[in-house]
Amino acid sequence: MNIHEYQAKELLAKFGVPVPAGVAAMSVEEAVAAVDTLPGPLYVVKAQIHAGGRGKGKFKELGPDAKGGVRLARSKEEVRAAAEEMLGNTLVTIQTGAEGKQVNRLYVTDGVDIAKEFYLALLVDRATGRIAFVASTEGGMNIEDVAHDTPEKIHTLVIDPATGFMPHHGRAVAKALELTGDLAKQAQKVAAKLYDAFLGTDAEQIEINPLAVTDKGELLVLDAKVGFDSNAMFRHKDLAALRDETEEDPMELEASKYDLAYIKLDGNIGCMVNGAGLAMATMDIIKLNGAFPANFLDVGGGASKEKVTAAFKIILSDPAVEGILVNIFGGIMRCDIIAEGIVEAARECHITVPLVVRLEGTNVDEGKRILAESGLDILPADDLGDAARKIVAQVKEAVPA
């Protein structure tokens, strides 16, 4: 689960991480009123969407010459002008894709004079299963270019969970950022507080870009991107309340209500599979046969009729879907029960696109019999390769030349 920048900063501040003053605004008037609560005379108006690259982004409605999603302002009038241009319009960044995201929230912060920008992040190192710091002296909007062009400028420090964060880890972070003296001490404290925040919130990622040195010699977090482990949200009701569902894909949001693992993709073959590994293999073999999957969808081991019906409805709500491939291995759940769910769901959803079903596992013969006697236009498949070839062929035949 991801949260907005203003929420991330408010959260990090509770752990003692230094952030500039700021006010969230849901309307133009709230953005203007925020000026009276900030030191000034410089203000920063920032679009709040779940995507990076906002500063370089462009608003669809404002043309190619318009400013991006991060604006400097020196008066209430300039704050108002920026807010009016941002709110309700669609910001396209390198991370949103061409469709962009509508800006519904703003963050007005106190402006600071920046002497130097750094990059600092915490994440779970999948190779070691440990928390790692990633640090670079080259912070700012071009961090992706740094990672590509000069990877030697990015340093990784892995924390042993047996010891946790120790003073020498803080010194290592400061060294990676090439800070000395009082700034090095500040960096050590910031790193320790960020580590506490990471553990205390069950975070998956905390990305600070930039971590800035101001002209007054202070180290401040000027931007923060925080994401949490969704499986741990039952322990953090306060964090779960920060979820902004308008930032999520509607189909993925609907899938989460039924405990379905769904991710929208760009293809035309809808996939319904039980098991993440089998789902990945199904998508691969669809591509191998010359088509592209429209989604990743794992219904899990207990594929009940309700889950199967919900899965069909979600797949069919995607206008790009021209055919559906169901690939189920009946281990925990018997194939005959799965087949009954598929038949009932297919009838309820009134499926009009080609449907290929491959079943394997417990009671597979009974499951195939149920599909064959359903009276529905369901094409059975003997194995995964056969299923992929059949659904691709069916879709190609259904598309007018």
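This report walks through a predicted protein model, from the whole chain to single residues.

Because the model is predicted, local features need pLDDT of at least 70 and side-chain atom pairs count only at pLDDT 80 or more, while totals for chains, interfaces and linings use all residues. Residues are numbered from 1 along each chain as its sequence is written, and side-chain values use heavy atoms, with hydrogens and water left out.

## The chain as a whole

Let us start with the overall picture. The chain has 13 helices and 19 strands. Both are DSSP runs numbered from the N terminus: helices are H or I with at least four residues, and strands are E with at least two. Taken along the principal axes, the C-alpha atoms fill a box of roughly 80 × 50 × 40 Å.

How many of the 401 residues count as buried? The share is 49%. Here, buried means under 20% relative accessible area, exposed means over 50%, and partly exposed lies in between, with a 1.4 Å probe and protein chains only.

Contacts are counted when heavy atoms come within 4.5 Å. Among the contacts in the chain with a separation of 6 or more, 69% come from residues 24 or more positions apart.

## Two open sheets

Strands of a sheet pair through backbone hydrogen bonds, either parallel or antiparallel. In this model, two strands pair if DSSP finds at least two bridges between them.

One open sheet is formed by four strands in the order 1-7-2-4, with antiparallel pairing. Strand 1 (22-25) and strand 4 (70-73) stand at the edges with a single partner strand each, so one side of each has no neighbour in the sheet. From one strand to the next, the twist averages 20°. Axes are lines fitted to C-alpha atoms, for helices over the stretch in contact, and angles run from 0 to 180 degrees between N-to-C directions.

Inside this sheet, strand 2 (residues 43-47) and strand 7 (residues 106-110) run antiparallel and are joined by five bridges. Lysine 46 stands opposite tyrosine 107 in strand 7.

Two helices lie across these strands. Helix 1 (residues 5-14) lies across strand 1, strand 2 and strand 7, at about 50° to strand 7. Helix 3 (residues 76-86) lies across strand 2, strand 4 and strand 7, at about 160° to strand 4.

Another open sheet has three strands in the order 3-5-6, again with antiparallel pairing. Strand 3 (58-59) and strand 6 (101-102) are at its edges, each with a single partner strand, so one side of each is left without a neighbour in the sheet. Two bridges pair strand 3 with strand 5 (residues 90-92) in the antiparallel sense, and the partner of phenylalanine 59 in strand 5 is leucine 91.

## Helix 9 and its two faces

Helix 9 (residues 276-288) has 13 residues, which at 1.5 Å a residue should span 18 Å, and its end C-alpha atoms are indeed 18 Å apart. The expected span is 1.5 Å times one less than the number of residues.

Which residues of helix 9 are buried? They are Ala279, Thr282, Met283, Ile285 and Ile286. These cover an arc of only 165° around the axis, which puts them on the same side of helix 9; the arc is that of the directions from the helix axis to the C-beta atoms. The face turned away from the buried side carries the exposed residues Gly277, Asp284 and Leu288. After helix 9 comes glycine 290, whose phi is positive, near 95°.

## Cysteines

A disulfide is a covalent bond between the sulfur atoms of two cysteines. The rule used here asks for a pair of cysteine sulfur atoms within 2.5 Å, and by this rule the count is zero. The table shows two cysteines whose closest cysteine sulfur is too far for a bond.

| Cysteine | Closest cysteine sulfur | Sulfur distance | Relative accessible area |
|---|---|---|---|
| Cysteine 271 | Cysteine 349 | 16 Å | 1%, buried |
| Cysteine 335 | Cysteine 271 | 18 Å | 0%, buried |

## Two residues up close

Tyrosine 258 sits in the loop between helix 8 (250-257) and strand 14 (261-264). Its relative accessibility is 38%, so tyrosine 258 counts as partly exposed. Leaving aside neighbours within four places in sequence, tyrosine 258 is in contact with Lys307 and Ala310.

Threonine 214 belongs to strand 11 (residues 203-214). At 5% relative accessibility, threonine 214 counts as buried. With neighbours within four places in sequence left aside, threonine 214 is in contact with Val112, Asp113, Ala115 and Leu220.
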